[in-house]
Amino acid sequence: MQPGGPGIPQCNARSPSLFTINTWLVCSLLANIFVAIIFPFCKRVPLRYQMKVKVIARNPDDYVRETKLDIQRVPRNYDPSLHPFEVSREYTRALNATKLERVFAKPFVASLDGHRDGVNCMAKHAKSLSTLLSGSCDGELKVWNLSKHECVRTLQAHEGFVRGMVVRYCGTSFFTVGDDKTIKQWKMESPGYGEEEEPINTILGKTVYTGLDHHQNDPVFATCGQQVDIWDEQRSSPIRSFTWGVDSFSSVHFNPVETELLASCASDRSIVLYDMRESTPLKKVIMTMRSNTLSWNPMEAYYFTCANEDYNLYTYDMRYLAKPIMVHMDHVSAVLDVDYAPTGKEFVSASFDKTIRIFAKDGGHSREVYHTKRMQHVICIKWSADNKYILSGSDEMNIRLWKANAAEKLGVLAPREREAANYSQKLKEKFQHHPQIRRIARHRHLPKTIYHQTKELRVMKEARRRKEKNVRKHSKPGSVPVVSEKEKHVVTVVK
Amino acid sequence: ISSRVSMQSNEGHPDVIYDDEKEEDATDDDVTVEDEDGYDERKRQKLLEAIGTLSGKRKKTLGERSEAAVHMSEFTVNVEGEGDKVDLSDLIGSMKTTPGLSGKSKKRLKNMEQSRKTIECPLSKQESERIRRDLAFQKVSKEVSHWKSVIRQNERAEQLVFPLNQEHSGPKPIERVVMDWKAQTPLEQEVFTLLSANKQPINDPILTPTEEASVKAMSLEEAKVRRAELQKARALQSYYEAKARRQRKIKSKKYHKVLNKAKSKDFQKQFDEMVKRDPAAALEELNKMEMARMQERMSLKHQNSSKWARSKAIMAKYDEGARKAIQQQLEVNKDLTQKLVTSLNKEEEETMEEEGNADVVPDFVNDAEQGLDFSNPWMTGKLSQDCVEKETSNAVTIRAEENVAEEEEVEETEEEVLLREFDNRRKRRQAQEADAPVMLMEEEEENKDASDKEEEELSEFTSLFKGLAEGCGEADTAAEQEKELKIRCQEDEELLTQGKEAEEEEATDKGPVVPQHPPATENAQKTGKSRKRRKGIELKQVLTKGAQVLQVPFAPTIEDAEDSEEKLDQRGLIKEAFAGDDIISDFLKEKRKQEDAGKPKAVDLTLPGWGEWGGGGLQPSCRKRRKFRRKMTPPTPRKDQHLPGVIISEKRSSSIRLHQVNALPFPFESPSVFENTIRSALGRTWNTERTVKKVTKPKVVTKLGAIIEPMTREELVKDKNGASAGTSSSVKRKP
């Protein structure tokens with residue numbers, strides 16, 4: 001502590017503190033006297049006699065809060081020398097934020113049980129966030145109210161599996177396809193008292209339909225089975241059928257942005273693109289293993305991601321099918337379903353390995369993995385339309401509701417809360433490359449089987465890589481080309 | 001015939017019956033006219049066949065199953081010309097006679113008749129499908145690519161707010177509120193009909209549709225004009241570039257001469273104008289020109305690049321005069337480039353004369369001093385004159401440290417002894433160089449043979465080195481280097497001696513041999529030069545153009561001294577080139593610095609004002625300061641304590657390293673950028689409220705309970721409009 005404040009003259013060096021107090025007292029007293037007594041008279045004093053006196057002036061607006069609910073106004077001095085060690089302090093804060101994030105990461109919200117067989121398909125309501133439809137392997141269909149965690153309607157839609165389900169864009173009705181070779185259209189609202197549970201429309205097909213999707217804003221839907229059919233809602237026969245060789249298709253999806261485009265996954269390990277307006281398919285890419293399903297990015301017209309049997313997901317640019325733009329690895333078993341977040345920044349995948357993983361659209365590895373002890377093979381997955389929740393339907397007859405951001409606080413945030421969350425988020429981003437923070441942020445507890453399988457896969461991959469390297473080393477230069485991971489999984493592109 | 005076949009099969013001929021086989025069997029009961037005709041024809045065919053077989057080998061005719069309908073007419077009449085192809089002419093034949101046909105179509109028909117081209121057969125279904133698919137795909141991918149700009153923009157956006165097309169909350173502009181309102185009373189309706197009839201603005205009272213249209217039209221025109229301008233500019237630029245490229249490629253000297261002349265003329269003109277306009281600037285320009293000219297002249301003079309020099313160089317092989325002239329030229333060049341050196345040489349010579357008794361002063365003194373310059377390892381590497389000098393130089397390198405001055409004095413005597421020895425050897429070797437075989441014999445009596453000598457030198461060197469540098473571990477490496485050098489030196493020496501012998505043979509023809517300079521003077525010259533040169537201007541740097549190296553056979557020089565001088569000059573050049581870097585001492589200094597920095601400093605824990613008076617201008621008492629001065633414990637000995645050639649940094653601490661980023665993370669391209677991002681603080685402790693808000697803005701904002709619809713085509717249209725209007729479309733997205 002330096003004796004005496006800056007700017008205060010020191011006459012007696014021996015007793016500086018005392019002097020300081022005295023000076024302050026005198027100053028403030030003088031000021032008060034001046035303001036109270038002298039100032040009123042000053043007005044009458046002619047200008048040339050006026051003396052300029054410096055007074056400490058404070059505006060109460062600067063420090064008095066408007067209501068008592070406001071927080072106290074704290075004047076701050078932003079002089080950097082007064083606030084040293086900014087990096088280390090922020091580092092500590094970032095570390096704490098990361099740790100707290102892990103502490104609060106409790107993604108599981110609820111489990112919806114009631115199905116009597118594995119959940120085979122789900123559909124989001126187009127207009128209502130709290131409504132979910134699910135179809136099970138015994139042909140039963142349930143409509144759920146998510147906010148109340150309860151089933152509001154049950155109906156026997158098909159004999160055998162409910163293979164596909166989609167809600168019309170207006171949200172007033174929905175379509176289902178099943179193993180009984182029928183397409184049925186149902187009303188969204190449950191039948192009134194005494195009315196029978198009956199579909200509005202039933203189309204009897206020749207073959208089993210395995211997938212279904214509806215156009216974004218036209219009364220047109222598409223089914224797939226032995227071929228891809230485009231149907232008009234008003235007609236009982238398809239307005240267009242696409243075939244390309246004899247194959248069975250496992251899923252078909254409309255592009256939500258360029259609404260006339262479709263893509264389907266076929267059992268010959270291919271993904272085929274269609275344009276509804278054309279009479280022929282557009283292109284197909286054949287991969288090393290079969291894709292189970294795919295999902296279009298709802299914000300970026302030409303990107304889609306497919307869930308493959310080879311444990312990976314592949315994001316393609318539909319214009320350049322020869323090479324996926326990103327390979328998303330982490331699952332240790334076949335990926336069964338994938339769905340994009342409505343923001344188009346992330347997607348979620350469901351796998352046979354009993355886990356759900358969340359990937360950034362341009363991230364090679366998942367940012368999050370969800371699993372519970374009771375959850376079996378996850379068959380279908382949906383990301384809710386408000387970007388907050390994830391819904392998974394699995395083999396053991398349950399539908400689970402997860403948070404999309406595991407540590408996020410649900411509900412309305414106070415402004416200060418929100419600011420704090422934003423700040424800590426930014427801090428985490430800023431220091432994400434620091435090893436300690438990265439370690440904590442990345443740490444996840446995994447089931448033992450998955451943990452060991454991951455390790456095993458890593459070893460296998462490394463061995464393969466080493467072998468390839470050795471082969472390359474001992475063969476003629478250039479004879480064994482380096483094939484990137486992206487190129488490895490595409491067999492060919494068929495025009 | 002089919003009928004016949006069936007008939008005959010009924011009769012008991014089960015095999016398929018062919019035309020040519022059945023001639024004899026044709027004598028059946030029901031022979032009809034048709035059959036008779038057929039019979040005749042078959043006969044004729046057979047005849048033809050028979051004629052055919054006469055010519056050579058009998059060709060085996062394949063049995064051919066014929067179609068009955070071809071041969072049989074409906075009316076059991078043989079059709080005429082049944083086997084012929086129908087020609088176009090057969091079809092059009094009747095046209096010619098038809099009167100109603102226009103000449104044009106007749107002509108066309110005729111053309112058709114004449115053209116012999118066949119139409120290509122249609123593609124197979126697969127191929128045509130493929131083509132159709134390909135076309136469709138191209139179309140679609142083109143269509144989809146329109147989204148590129150939107151996608152990119154969203155990727156770069158600092159913040160995205162979802163749902164995308166949100167209604168702006170808060171008060172709406174009056175026009176929008178009015179929009180839903182409808183005229184109800186007849187008066188209102190009348191007013192509105194009037195307004196709408198005149199196309200007056202109802203909602204947005206700024207521009208009428210016509211006005212807007214006119215504005216748009218103008219903008220289009222402007223855009224067109226702008227585009228035209230841009231096009232023109234681009235075209236001009238490309239022309240200019242092409243021209244420049246073309247010109248640069250022209251090899252003709254004459255062309256360039258003319259070009260330069262034109263340029264200079266142009267410049268002259270400008271200059272003249274400038275003289276009239278602004279004499280001061282002109283004067284300055286003139287000065288500049290003069291300076292440039294001078295520089296040019298200076299740099300070009302005696303650089304052996306002139307035509308004359310080149311021709312002489314060619315002639316030098318044959319003509320002695322030319323050789324001399326070139327030699328002179330080289331001499332001058334050398335003098336010019338080392339002007340200061342020569343002047344100093346003179347001084348040196350004078351001093352030498354003053355001293356007179358050069359013999360009194362031992363030679364090694366000079367040698368040792370000369371060594372100071374050789375602290376430079378570049379020098380030691382290049383030196384091919386004599387190894388002994390190098391050794392001394394190396395020895396002195398270490399001595400060059402200022403820090404070990406005390407030990408230096410102690411060792412001085414030892415050093416002297418050694419140096420004297422070295423000097424003796426050096427002298428001997430020089431003598432050897434002069435007349436190798438004879439002198440060697442004499443020397444051998446005194447000394448051992450050469451290899452022994454070398455070894456001795458080596459060991460001596462190492463011991464000396466160790467003694468001087470007290471544990472400077474460079475001795476080994478230096479010794480090795482030395483060894484290598486020595487081998488090289490010997491080779492060089494051999495070459496030199498050979499060359500010298502040859503020269504001397506020549507010289508004996510010409511005139512008397514001038515006695516060699518004593519080595520002492522030579523050394524003195526060297527040292528003098530090297531000392532002073534640092535201060536002098538280095539002409540080599542000033543010259544704009546380097547001297548041309550001419551390969552000229554030596555003129556029959558008489559003096560050996562000149563020769564040695566030349567060598568000297570070479571060394572001087574090297575010295576000059578690497579005058580600045582004294583690597584070893586720099587390294588040692590740096591190491592010393594690091595060692596000092598690593599030493600813990602004493603900490604003063606005195607608190608002023610405790611137990612005594614305090615205040616400005618008062619110092620705590622000495623006693624107190626002494627009392628509270630904490631000496632830190634000496635650090636653990638450095639790892640590089642005994643490794644003089646190594647600095648091992650001990651800054652790295654394992655406890656901190658755990659928290660440090662050890663590799664540059666992905667999106668960053670340079671460490672400095674990354675460090676900057678880390679350095680800038682985000683929190684409200686360091687930033688104002690507004691800054692904090694701005695800095696901590698989340699990348700994606702979603703509204704609670706709002707359904708985020710997929711992107712629609714309107715976004716694309718918006719983006720396009722935004723782009724055409726020159727404003728960013730993401731204004732809405734970045735509130």
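## The hairpin of S18(A) and S19(A)

In this predicted model, strands S18(A) and S19(A) form a hairpin, with six residues lying between them. The two strands run antiparallel and are joined by five bridges, S18(A) covering residues 291-296 of chain A and S19(A) covering residues 303-308. One of the pairings can be placed at residue level, since Ser291(A) has Asn308(A) as its bridge partner in S19(A).

As for the surroundings of S18(A), six of its six residues are buried, so this strand is largely enclosed by the rest of the structure.

## Positive phi in two loops of chain A

Most residues other than glycine have a negative phi. His149(A), which is not a glycine, nevertheless has a positive phi, near 60 degrees, and this histidine is found in the loop that links strand S4 (140-145) to strand S5 (150-156) of chain A. Because its relative accessibility is 39%, His149(A) counts as partly exposed.

Arg269(A), likewise not a glycine, has a positive phi of about 65 degrees. Its place is in the loop between strand S15 (261-266) and strand S16 (270-275) of chain A, and with a relative accessibility of 35%, Arg269(A) counts as partly exposed.

## A cis peptide bond in chain B

Most peptide bonds are trans. In chain B, however, the bond leading from Phe162(B) to Pro163(B) is cis, with omega near -5 degrees. Pro163(B) itself sits in the loop between strand S1 (160-162) and helix H8 (174-179) of chain B.

Key: Residues are numbered from 1 along each chain as its sequence is written. Chains are lettered from A and ligands numbered from 1 in the order in which they are written. This is a predicted model: local features need pLDDT of at least 70, side-chain atom pairs count only at pLDDT 80 or more; totals for chains, interfaces and linings use all residues. Side-chain values use heavy atoms; hydrogens and water are left out. Buried means under 20% relative accessible area, exposed over 50%, partly exposed in between (1.4 Å probe, protein chains only). Helices (H or I, at least four residues) and strands (E, at least two) are DSSP runs, numbered from the N terminus. Two strands pair if DSSP finds at least two bridges between them.
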